[in-house]
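Me: I would like to practise reading a fold with you. Could we go through a sheet, its helices and a loop, step by step?

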Amino acid sequence: LDDFAQIDGSTGKPALSSYIHTEGKDVSWIFKHYNGHAHCFNHPAYENAYWKHLKDIIEKAHVDGMMNDDVQWFGGGNACACHYCRTKFKEETGYYLPDPDEWAEFFEDYDKPEYIAWKKFKKKSSGDFHRRMDEYYRSIGFFPMRPAYCAEVLPFDTTCYGFESASELWDYIFQECCGIIRYSYLCFAGEAIHRYAMAKRKGVPPMALLYPETKDSMYASWALCRSWGQMYTGTGGIGSKLYDKPYRDFEKTYGKYLNSPNKKGDIAFYFSESTRDYSDKDAPQKYMKPFMSHVESAYVTGLTCDMVFRSDSVETLSASPAIAVVSVAMIGDEEIAKLRFYAENGGRLIVLGSFALKNEDGSQRSLNEGFEKLGVGSRLVQKQYKGFESFNFEGKQHMFSTSQTEYVLDARGTVI
């Protein structure tokens, strides 16, 4: 199996199944090991072996479904730089992957278009592998149920997971809710807003998997899922016992009110995969943490929250009464044009935090370029400021005594 290994670009040797992710309210980086070697999903021999293994399971176990959540790129983000990935990357992008002695100058340099191209290549490769598996399934007359999940989508995607890039294949789109429910449910709720929106666009049910350990936490888990517009699946310490039977009976009786709910959102949050994945090494801390904070804050105020995506049409955007664009640091001109059209045709557009610092190809924008394209008359002026700040919103004045910023706003007649 070592012959199929993902190769760590920094060493030229087999990559360990390790990865970096974020954890906690501080969104701190954590390095995690699975203590094994990762295998390359662009390696033809590994794909053949992988398919043979799945085919054996299908023919011998007579399974009804298949979920492949192992299609990820490890080595702490440095994989894969094997011969097959290097060749395929050059064919698809025109760029060469550097050798180990030049890897440090390449890795995590988000001002290099070739590095951004490599991350996009890995994500596309994950999706392409899932699509090839789908073709294999169909070639033997096997049409499995294919659910897929991700525990955290909003803060990071460091392994270039195929959950988003092959989302058209999934029959259920769900999230795994890891953590103590009473302390972590706000994080779960933010992710649930994403899964609901993603599943709606694919025409499939959203779902959440939780791990209740007591009867009351099972009830809380079920109630949370249903309030999010999701189906509930529970496992864990009491998962094998039928404590959820009363809730399942309730679902049978009132299913027409629970299933496929049509959310009437008060506000939608603009989710930018580009900002999360391609804008900055520390994008989770700089941009996604503020984004998640605003989502969770809106949720606890009782607002019905929805989510919109960069791929959405103007018509889809226009269905939301208000859209919050929070810390969208990387955005393309086409996206800005859609947001401008939305605002000019009656939509309420709220821009908070960093906006349009980079174009979608990774190139830097000038300070106010994004606002100009958005049609906003006000301008940011770079200036260190500490002191008192106040603003009026919907007739109420808000005051802050110790504001601090690197920019001040020249309103230029814009009403804010």
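Reply: Gladly; what follows is a short tour in questions and replies. Keep in mind throughout that this is a predicted model.

Me: Let's start with the sheet. What is the order of the strands in the open sheet of four strands, and how do they pair?

Reply: The general idea is that strands of a sheet pair through backbone hydrogen bonds, either parallel or antiparallel. Here the open sheet runs β3-β4-β5-β6, and its pairing is parallel. At the edges sit β3 (147–149) and β6, each pairing on one side only. On average, neighbouring strands of this sheet are turned by 30 degrees against each other, direction ignored.

Me: Let me zoom in on β5. Which residues stand opposite each other there?

Reply: Take the two sides in turn. Strand β4 (residues 172–176) pairs with β5 in the parallel sense over four bridges, and Q175 stands opposite A208 in β5. Towards strand β6 (residues 231–234), β5 again pairs in the parallel sense over four bridges. There M207 has M231 as its bridge partner, while L209 has T233.

Me: How does the chain get from β4 to β5, and from β5 to β6?

Reply: Follow the chain through the helix that links each pair of strands. From β4 the chain passes through α6 to reach β5, a right-handed β-α-β crossover. From β5 it continues through helix α7 (residues 215–227) to β6, and this β-α-β crossover is right-handed too.

Me: Are the residues of β5 buried or exposed?

Reply: For a strand, check both faces. Strand β5 (residues 206–210) is mostly covered, with five of its five residues buried. P206, A208 and L210 point one way, M207 and L209 point the other way, and all are buried.

Me: Now the helices. Where does α6 lie relative to the strands?

Reply: Look at what the helix lies across, then at its direction. α6 lies across β4 and β5 and runs at about 165 degrees to β4.

Me: And how do α6 and α10 cross?

Reply: Compare the axes before the side chains. The axes of helix α6 (residues 181–202) and helix α10 (residues 283–300) come within 9 Å and cross at roughly 100 degrees. Angles of 65 to 115 degrees count as roughly perpendicular, so α6 and α10 are roughly perpendicular to each other. In the contact, Y185, L186, C187, A189, G190 and I193 of α6 meet V295, E296, Y299 and V300 of α10. By class, that makes eight nonpolar, one polar and one charged residues.

Me: Last, a loop residue. Why does N368 count as buried?

Reply: Compare its accessibility with the cut-off. Buried means under 20% relative accessible area, and N368 has 12% relative accessibility, so it counts as buried. N368 lies in the loop between β10 (348–358) and α13 (369–374). Leaving aside neighbours within four places in sequence, N368 is in contact with R379 and L380.

Conventions: Residues numbered from 1 in each chain as written. Predicted model: local features only at pLDDT ≥ 70, side-chain atom pairs only at ≥ 80, totals over all residues. Heavy atoms only, no water. Axes fitted to C-alpha atoms, helices over the stretch in contact; angles between N-to-C directions. Helix = DSSP H or I, 4+ residues; strand = E, 2+ residues; numbered from the N terminus. Parallel < 35°, antiparallel > 145°, perpendicular 65-115°, else oblique. Contact = heavy atoms within 4.5 Å. Nonpolar A, V, L, I, M, F, W, Y, C, P; charged D, E, K, R; others polar. Buried < 20%, exposed > 50% of the residue type's maximum accessible area, 1.4 Å probe, protein only. Pairing = 2+ DSSP bridges. Right-handed = clockwise from strand over helix to strand, strands pointing away.
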